[in-house]
Amino acid sequence: MLTESSRRHDFPSLDERTYLNTAAEGIPPGRVIDALHQYGQDKLLGMDGRDLHTVQWQRAKSALGKLLGFSADEVTLCSCSSEAFNLARAALRLAGDDEVIITDLDFPAGVTPFLCVIPVCRQGFGNAAETGRCTSKI
Ligand SMILES: Cc1ncc(COP(=O)(O)O)c(C=O)c1O
């Protein structure tokens, strides 16, 4: 559970400041840095490190599946959120009558995969709802 103490432990650099940026500019908790370090150590073993990495990969998928209510086999990990959004859009096989709700407050990588596939309905924060149809196709 997130507590003041766990937050201080996970994010020591936030002890004396408030930081609101997220995603690529977010501050990773210390355990992420530890995991990256371990990954580097495993890579120093060459192919032998791959087995160690595979164990961590499976653990991560299991933990994520548990969190989201899926089995580990139903979870995959992507190299970045842009890749994930593009894969999700491709996997959905969107057709003419399908609708995808996006926000213009999102980072572009989160919405661009959906802008050129199907008709788009936009609702800006504080703006009137606006509906448009995309003219380009992938
Ligand atoms: C808020 C936000 N969302 C998403 C992204 C895209 O991140 P990724 O590198 O995971 O595709 C970024 C990248 O800077 C970002 O700042």
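Helices here are DSSP runs of H or I that hold at least four residues, numbered from the N terminus, and it is in one of these, helix α5 (residues 108-115), that V111 has its place. The structure is a predicted model, and the points below take up the surroundings of its ligand, the helix α3, and the residue V111.

**Ligand shell**

- The residues found around the ligand are T22, A23, A24, E25, C80, S81, S82, F107 and A109, and by character this shell divides into 5 nonpolar, 3 polar and 1 charged.
- Because domain 1 (4-74) and domain 2 (81-132) both give residues to the shell, the ligand lies between the two domains.

**Helix α3**

- Helix α3, which runs over residues 47-68 and has 22 residues, reaches 32 Å from its first C-alpha to its last, and this is close to the 32 Å expected at 1.5 Å a residue.
- The number of buried residues among the 22 of α3 is 0, so this helix lies largely in the open.
- After α3 comes G69, a residue whose phi is positive, with a value near 85 degrees.

**V111 in helix α5**

- With 17 other C-beta atoms within 10 Å, V111 is partly exposed, because a residue counts as buried at 20 or more such atoms and as exposed at 12 or fewer, with partly exposed in between.
- When residues up to four places away in sequence are not counted, V111 touches I102 and D106.
- V111 and R89 are 22 residues apart along the chain, and their C-alpha atoms are separated by 9.9 Å.

Definitions and conventions:
Residues are numbered from 1 along each chain as its sequence is written. This is a predicted model: local features need pLDDT of at least 70, side-chain atom pairs count only at pLDDT 80 or more; totals for chains, interfaces and linings use all residues. A residue is near a molecule or strand if its C-beta atom, placed from the backbone, lies within 6 Å of it. Ala, Val, Leu, Ile, Met, Phe, Trp, Tyr, Cys and Pro count as nonpolar, Asp, Glu, Lys and Arg as charged, and the others, Gly among them, as polar. Domain bounds come from an automatic or database domain assignment. Helices (H or I, at least four residues) and strands (E, at least two) are DSSP runs, numbered from the N terminus. The expected span of a helix is 1.5 Å times one less than its number of residues. Two residues are in contact if their C-beta atoms, placed from the backbone, lie within 7 Å.
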